[in-house]
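I opened this model to look up a few points of its fold and to write down what I found. The entries below follow the order in which I worked.

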Amino acid sequence: MDYLCQPARTLRGCLRVPGDKSISHRAVMLAAIADGSSHIRGFLPGEDCLATLRAFTGMGVEAERLSDTELRIHGVGRYGLKPPAGPIDLGNSGTSMRLLAGLLCAQPFAITLTGDASLTRRPMRRVTEPLGQMGARITTSETGTAPLTLQPADAGLRAIRYHSPVASAQIKSAVLLAGLYAEGRTELVEPEASRDHSERMLRAFGVELEAHAGFAALEGGQELRAVDIDVPSDISSAAFFLVGAAVTPGSELTLQNVGLNPTRTGIIDILRTLKADIEIANERTVGGEPVGDIRVRGGELKAATISGSVVGRAIDEMPAVFVAAACATGETIIRDAAELRVKESDRIQSMVDALRALGISAVPEADGARILGGRMHGGVVDACDDHRVAMSMAIASLRAEQPIRIRHCDNVQTSFPGFVEMANAVGLELRVLNERPEVA
C-alpha cells in the first residue's frame, strides 16, 4: 500500500483520535489475568492491540467485543491461562512481545512468541536478559531476536533488583509483570524516568507497588481484581496532527480527550521549544490518567536543540518532530534519540532519507540528526514498513510544493485505524494506492 499526498493548505477542525495504544495493550493483559470481568472502553482496534487480544483468547481468555472500541474481558487469574494450540503470532507489535515475555515466562507451559518480518528483526535481549536473571528460561535466535521460546522456570521466578542500562517502559513493564509471579520484592532502576502506564494500571487492578521517577518495585504473589478502564486518546496518534497544524500558518485544530500522562507529553514540550502555539484546556483525570483537549494554531517555527529527558518522553513521536524541524527556520539539532535506531525501522535513517528525498538538508548522527529547515518539493519516499514514518511524511505534504508518494504504508493500520479518513476530514489530501510504481 502506498499513499499519494497532494499539497494541502491548512488543518482545521476538531478531532478525537483513537485510544492510546500503550494503555490498550496493558488493559487487555492485566484484565486477562485478573479475577473477575473488566469492561474496557476506548480500546484501540488496531492490528497491534488486536494481536495482544488474540494472544489471550488463544490462551483461553473469553473476550466479548461489545463494539470496535469496547470490550468485556473475563479474567482467569494469574495462573488460569491455558497452553495455546501453537505459536502466538504478534504481527508487528514489539510491545506485545516484550511485555508478554515477562507475563508468560512464569506460566507452567511452554510457549513460542513470533511475529512478522519487521518484528523478528528487533532486539529482544534487552528484555530476555533481566528475565533470565529472574530464572526465566527463554531462548531467542542467534542474534537475540524473535521467535522467543519460553519454557517453564525450573524453580519458579526469583525477585531481583535490576539496573536497566536504558530508560524503557517495555523493559520495566516486562520485569514488573514477571515480578507478580516472583518470590520476594522485584525492583527496577532506570537512568531516567520512562512512561508509567504499567504502574498506574497495576494500581488500578489492585496491585500495591512503589514507583517514582526512575524506580519501580512490587512484591510478588499479589492477585489482580477486575476493574473498568476508560482509555484516553493516544497522544502519539495526536502528534501527527499537532505537528501538521503547528507547521502550517492559518491552521487551527483541536484534539479532544488526549492522554496527558507527564511521561508522554514530551511532544508538547518540544513543539513549544520550537515556538509552536499550543494551549491545553479541560484538563481532568479519567481512570487514573490525566487527559485534556489540545488546541494548536499554525505559525512559523524556529529551530532549536532538542535533547535530554524530553526526547525519551517523546520517543515514539520523534519522526513527526523531524518533520517539524524540516519546517522550522534554522538548523534543529536532535540528540539523545539513539533508541530510534531499534524501532520498527531505523527511524533516524528512515526519516533522514525521506526528508532528503524532498530536498531537505538532513544529516544523521549516532543518536539523532541535524536538520536544516527549508522548502520541500515533492517526490517518492520510502516509509520502510514503519507506520510512524509513513504518517509523518503524510503530514509533510502540508508544506510540500508538489505531491509526495509514500511507499510501504501497510503498517499504518497496526497503530492508527482510520488515519486516512481522519486526515482528509481536517484538510489533508491523501489517497491510498494499492499498486506500487515500477522501480527501474
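These entries cover confidence, a helix pair, one lysine, a sheet and a further helix.

**Confidence.** I began with the reliability of the model, which is predicted, and found a mean pLDDT of 95 for the protein chain, with 99% of its residues reaching 70 or more. I then looked up residues 436-440, where pLDDT stays under 50 and for which the model has 10 contacts beyond four places in sequence. Where pLDDT is low, the predicted coordinates should not be read in detail, and I have left those contacts uninterpreted.

**Helix pair.** Two packed helices are described by the angle between their axes and the distance between the axes, and I looked up both values for helix α1 (residues 21-32) and helix α2 (residues 47-57). Their axes come within 9 Å and cross at roughly 5°; angles under 35 degrees count as roughly parallel, and α1 and α2 are therefore roughly parallel to each other. On the α1 side I listed K21, S24, H25, V28, M29 and A32, which meet D48, C49, T52, L53 and F56 of α2. I sorted the residues of this contact by character and obtained six nonpolar, three polar and two charged.

**K21.** I next asked myself whether K21 is buried or exposed. K21, which lies in helix α1, has a relative accessible area of 9%, and since buried means under 20%, K21 is buried. Leaving out residues up to four places away in sequence, I found that K21 touches D48 and C49, and also L44, D234, H387, R388 and S415.

**Sheet.** I traced an open sheet of four strands in the order β6-β7-β9-β8, with mixed pairing. Its edge strands are β6 (88-89) and β8 (137-139), each of which pairs on one side only. Helix α3 (residues 94-104) packs on this sheet and touches β7, β8 and β9 (148-151), while its direction makes about 170° with that of β7. Returning to β6, I found that two bridges join it to β7 (residues 111-114) and that the two strands run parallel; the bridge partner of D89 in β7 is T114.

**Helix α8.** Which residues of helix α8 (residues 266-273) are buried? I noted G266, I267, I268, I270 and L271, and these buried residues pack against α7 (235-246), β16 (277-286), β17 (289-297), β18 (305-306), α9 (309-312) and α10 (318-327). My last entry is K275, which follows α8 and has a positive phi, near 75°.

Note on methods. Residues numbered from 1 in each chain as written. Predicted model: local features only at pLDDT ≥ 70, side-chain atom pairs only at ≥ 80, totals over all residues. Heavy atoms only, no water. Pairing = 2+ DSSP bridges. Contact = heavy atoms within 4.5 Å. Axes fitted to C-alpha atoms, helices over the stretch in contact; angles between N-to-C directions. Parallel < 35°, antiparallel > 145°, perpendicular 65-115°, else oblique. Nonpolar A, V, L, I, M, F, W, Y, C, P; charged D, E, K, R; others polar. pLDDT = per-residue confidence, 0-100. Buried < 20%, exposed > 50% of the residue type's maximum accessible area, 1.4 Å probe, protein only.
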